Amino acid sequence: MEYCCLSPSHFSDDIFTNYFPDAESKNVLVDASLLLHEDWHTIATDVWQTPKEISDKLTGNNLTLDCLAALHKKYGDDIHLLFDCSTRDGDLAKVQNYFDTGVMDVTEKEADIYQQILRDTIPQFKEIDVSLFIWDGVAWYDDPRNMTAHTIIATPAVWLPFDGQKQSVSGWLADAVNGDLKDYGLDLVDKQY
């Protein structure tokens, strides 16, 4: 079984260290990558064959949290860590179901589970000073079920302010890069769909 979900957060330290060591502004955005698996370290070493400096950071069941925590530990306040995600990401719920059950399918039950994972992870993100933008209102493809889209950065929705947040993801990012770190939409993880 192969998993491929390394995100820019896994390579950020290498990029800053080897290519931009004098960068005064360091910003890392994770655009919807949150999957739990009990053996990320082994997957990283045996399947992906990642360098030891990456695989050593994977100590828990949440590789995104592990990588952002390592960046926070190394850079502290000299880096802006950012995470955006929809509340009931249909794609991530589907893959999480595959990890949990071996079935690559998704129903609203799996979306509920994903929403709970997101809810449980938010306090851990806040402990390491991750700025968060949680959103909903963008449907998962044309699916009528209560699931939300996966990623937003490469879509026109990135520019549109969300009603509840009165802010767009692009506006949040621009503010964050300029040092104005805020959270939006955290209450959505408690919303009943």
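These are my notebook entries on one predicted model of a protein chain.

**Overall layout**

I started with the secondary structure and found 7 helices and 3 strands in the protein chain. Reading from the N terminus, I get the order α-β-α-α-α-β-α-α-β-α. The radius of gyration comes out at 16 Å, close to the 16 Å the globule rule gives for 193 residues, so the chain is as compact as a globular protein of that length. For the extents, I have the C-alpha trace spanning about 45 × 40 × 25 Å along its principal axes.

**Burial, contacts and surface**

I looked up burial next: 47% of the 193 residues in the protein chain are buried. Then I took contacts between residues at least 6 apart in sequence, and 71% of these join residues at least 24 apart. The exposed area of the protein chain is about 9,900 Å², with 52% of it supplied by carbon and sulfur atoms.

I also checked the charges. The protein chain carries 14 positive and 34 negative ones, and the mean positions of the two sets are 2 Å apart.

**Strand 3**

How many of the 6 residues of strand 3 are buried? I count 6 of the 6 across residues 130–135, so strand 3 is largely enclosed by the rest of the structure. I went through the two faces separately. One side has V130, L132 and I134; the other has S131, F133 and W135. Every one of these is buried, which leaves both faces covered.

For its partner I noted strand 2, residues 80–86, which pairs with strand 3 in the parallel sense over 6 bridges. Within that pairing I find C85 opposite I134 of strand 3.

**Positive phi outside glycine**

I picked out two non-glycine residues here. Q49 has phi near 55 degrees and sits in the loop between helix 2 (40–47) and helix 3 (52–55). Is Q49 buried or exposed? I have Q49 down as exposed, at a relative accessible area of 63%.

T151 has a positive phi of about 65 degrees. I located T151 in the loop between strand 3 and helix 7 (169–177). Its relative accessible area is 25%, so T151 counts as partly exposed, the class between under 20% for buried and over 50% for exposed.

**Q124**

Last, I looked at Q124, which I place in helix 6 (residues 108–127). Q124 is partly exposed, with a relative accessible area of 35%. I also took a distance from it: the C-alpha atoms of Q124 and S168 are separated by 24 Å, and the two residues are 44 residues apart along the chain.

Technical notes
Residues numbered from 1 in each chain as written. Predicted model: local features only at pLDDT ≥ 70, side-chain atom pairs only at ≥ 80, totals over all residues. Heavy atoms only, no water. Helix = DSSP H or I, 4+ residues; strand = E, 2+ residues; numbered from the N terminus. Rg over C-alpha atoms; globule rule 2.2 N^0.38 Å. Buried < 20%, exposed > 50% of the residue type's maximum accessible area, 1.4 Å probe, protein only. Contact = heavy atoms within 4.5 Å. Areas by Shrake-Rupley, 256 points an atom, 1.4 Å probe, with all protein chains shown as cover. Lys, Arg positive; Asp, Glu negative; His and termini not counted. Charge placed at Lys NZ, Arg CZ, Asp CG, Glu CD. Pairing = 2+ DSSP bridges.
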